[in-house]
Amino acid sequence: MVTRFAPSPTGYLHIGGARTALFNWLYARGRGGKFLLRIEDTDRERSTPEATAAILRGLAWLGLDWDGEAVSQFAGRARHAEVARQMLASGTAYKCFATQDEIEAFRAAARAAGTSTLFQSPWRDADPASHPDAPYVIRLRAPREGATVIEDAVQGTVTFRNDQLDDMVCLRSDATPTYMLAVVVDDHDMGVTHIIRGDDHLTNAARQVQVYQAMGWPVPVFAHIPLIHGPDGKKLSKRHGAVGLEEYQAMGFCAAGMRNYLTRLGWSHGDDELFDDAQAREWFDLSGIGRAPARLDFKKLENVSGYHIAKAADAELLPEIEAYLEAAGRPALREAQREGLMRALPCTKERAKTIPELLDKAHFVLAARPLVPDQKAAAGLDLVSRGILAELTPQLQNASWVRDELEAIVAAVAEAHGLGLGKIAGPLRAALAGRTVTPSVFDMMLVLGREETLARLGDQAA
RNA sequence: GGCCCGUUCGUCUAUCGGUUAGGACACCAGGUUUUCAACCUGGGAAGAGGGGUUCGACUCCCCUACGGGCUGCCA
């Protein structure tokens with residue numbers, strides 16, 4: 001079995017497109033099939049190489065790999081034209097010499113008369129001998145009786161009356177193929193067996209089936225999935241905020257979390273919410289896809305992202321963090337910071353929903369001495385607190401650097417002053433991290449090590 | 001306008017004629033706690049509306065409302 005993702009390179013990779021790609025990828029990868037990528041660049045006006053690059057970057061970040069090279073649809077235009085000629089020869093298509101003006105006049109008249117605006121070409125049954133020497137388009141000779149039926153894996157059986165479908169243009173007057181023709185030819189030639197795409201193509205599917213039938217080609221399995229809507233239930237657009245996949249990377253969601261969230265958006269497998277790629281590949285199927293459009297919920301995305309960050313192996317998280325830094329336009333990690341971060345990951349990743357949040361928790365290991373405490377931290381470092389820190393320092397000097405002993409020492413000092421651990425943890429936190437919100441003070445000491453810990457305490461002690 | 005698709009807690013969803021309509025996120029209350037987070041316990045929260053079919057409908061059919069898509073020599 002073969003699936004494909006076929007985006008138009010006219011902008012960024014839309015979050016909805018990303019999910020479509022993900023579904024196709026999951027379906028193919030879970031069944032030992034192939035997942036192909038085709039760039040639908042037949043619209044020369046709007047297609048740009050930058051957009052293609054953005055799509056490739058987005059897929060790479062999401063972790064979706066495709067088989068073979070990405071195919072340019074425009075490159076296959078000669079083949080598409082050839083098929084149009086074949087249909088002409090077999091009589092399943094015809095030359096139409098109607099001009100744009102004539103078509104517009106037809107539609108205007110139809111609108112005024114309240115009849116169907118579907119264009120009915122007078123050339124459909126014209127004698128070839130009467131053909132003028134003028135530009136023409138090649139139109140499909142679509143059946144006028146009966147109905148065209150789509151057996152859709154998501155939408156079920158969808159029936160279109162043929163009198164609702166007009167003779168669509170397959171080859172334009174400049175001899176370039178239209179999208180409707182090109183998709184069908186490419187999908188057939190590429191051996192695509194399952195077309196999973198947005199349901200904005202459901203109506204198009206009927207016209208495309210007519211082309212398959214005209215060519216006598218086997219019709220693939222269609223699965224038209226509902227679009228993703230904004231939080232207000234309206235079609236997702238820029239006014240809702242992030243629509244481009246890369247924006248999600250820049251916001252710091254982890255790729256695994258994004259995959260999990262997007263997979264679960266509009267598809268379900270019982271009550272399973274959190275899963276890894278292997279499970280997703282095993283579970284994913286067309287019958288689990290819902291029929292109603294889904295809305296984006298950033299809170300849930302955060303939750304899922306946090307789950308996967310906590311679960312990720314440190315060695316895999318580090319490159320992802322560095323990729324985030326680059327995507328967000330933030331400075332790269334210095335070598336010392338990279339090493340420190342690796343040590344700090346175990347005590348920070350479990351508390352972060354996103355990568356920027358993780359970096360914030362890891363600030364203590366990213367910052368270099370002498371630390372400049374922020375306002376709140378500075379407020380906690382009063383004279384009394386500094387005195388206690390000064391008292392604590394020599395005791396830590398000779399301690400064996402293990403959690404139990406560090407806890408015991410700090411607790412003893414606190415008790416000597418008639419204080420709870422909470423009272424002394426504050427100033428410690430301020431001295432060690434320069435902040436009031438940090439990982440556990442003992443975790444920080446262990447990550448920082450004896451030397452750095454004592455140095456930082458010394459910086460702040462009275 | 002015509003054709004097509006959709007509609008279960010705020011959100012994502014389970015249910016495939018018989019359930020006190022379940023789970024997750026979010027929210028609220030309490031607990032735990034060295035901060036934040038995490039975690040634990042509890043709570044409120046749904047079948048768009050109206051007709052049928054049936055012993056019995058969230059589930060099947062029809063109508064209405066609302067949302068979406070298509071209706072291009074765009075994709």
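Helix α18 (residues 421-433) contributes most to the surface near RNA strand B, supplying four residues; here, near means that a heavy atom of the residue lies within 4 Å of the strand, and helices (H or I, at least four residues) and strands (E, at least two) are DSSP runs numbered from the N terminus. The model is a predicted one, in which local features need pLDDT of at least 70 and side-chain atom pairs count only at pLDDT 80 or more, while totals for chains, interfaces and linings use all residues. Residues are numbered from 1 along each chain as its sequence is written, chains are lettered from A and ligands numbered from 1 in the order in which they are written, and side-chain values use heavy atoms, with hydrogens and water left out.

In total, 62 residues surround RNA strand B, and the closest are Ser8, Asp43, Arg172, Glu273 and Arg351. By residue class, this surface comprises 23 charged, 20 polar and 19 nonpolar residues, where Asp, Glu, Lys and Arg count as charged, Ala, Val, Leu, Ile, Met, Phe, Trp, Tyr, Cys and Pro as nonpolar, and the others, Gly among them, as polar. Sugar or phosphate accounts for 68% of the strand B atoms within 4 Å of the protein, and bases for the rest.

Some individual atom pairs fill in this picture. A polar side-chain atom of Asp43 is 2.5 Å from a sugar or linking oxygen of RNA strand B, and a side-chain N or O atom of Arg264 is 3.2 Å from a sugar or linking oxygen. The side chain of Asn204, in turn, places an N or O atom 3.2 Å from a base nitrogen of the strand.

Turning to charge pairs, the whole structure holds 28 salt bridges, each a side-chain nitrogen of Lys or Arg within 4 Å of a carboxyl oxygen of Asp or Glu. Asp167 pairs with Arg124, their closest N and O atoms being 3.0 Å apart. Asp167 sits in the loop between β7 (156-161) and β8 (169-171) and Arg124 in the loop between α4 (100-113) and β5 (137-140), so this salt bridge ties together parts 43 residues apart in sequence. Asp167 is buried (under 20% relative accessible area; exposed is over 50%, partly exposed in between, with a 1.4 Å probe and protein chains only), at 4%, and Arg124 is buried at 12%.

Arg207 and Asp166 form another salt bridge, with closest N and O atoms 2.3 Å apart. Arg207 belongs to helix α6 (residues 202-215) and Asp166 to the loop between β7 and β8, so the pair links parts 41 residues apart in sequence.

How values were computed
A polar contact is a pair of N or O atoms within 3.5 Å; within protein, one must be able to donate a hydrogen and the other to accept it, and residues adjacent in sequence count only if both atoms are side-chain atoms.
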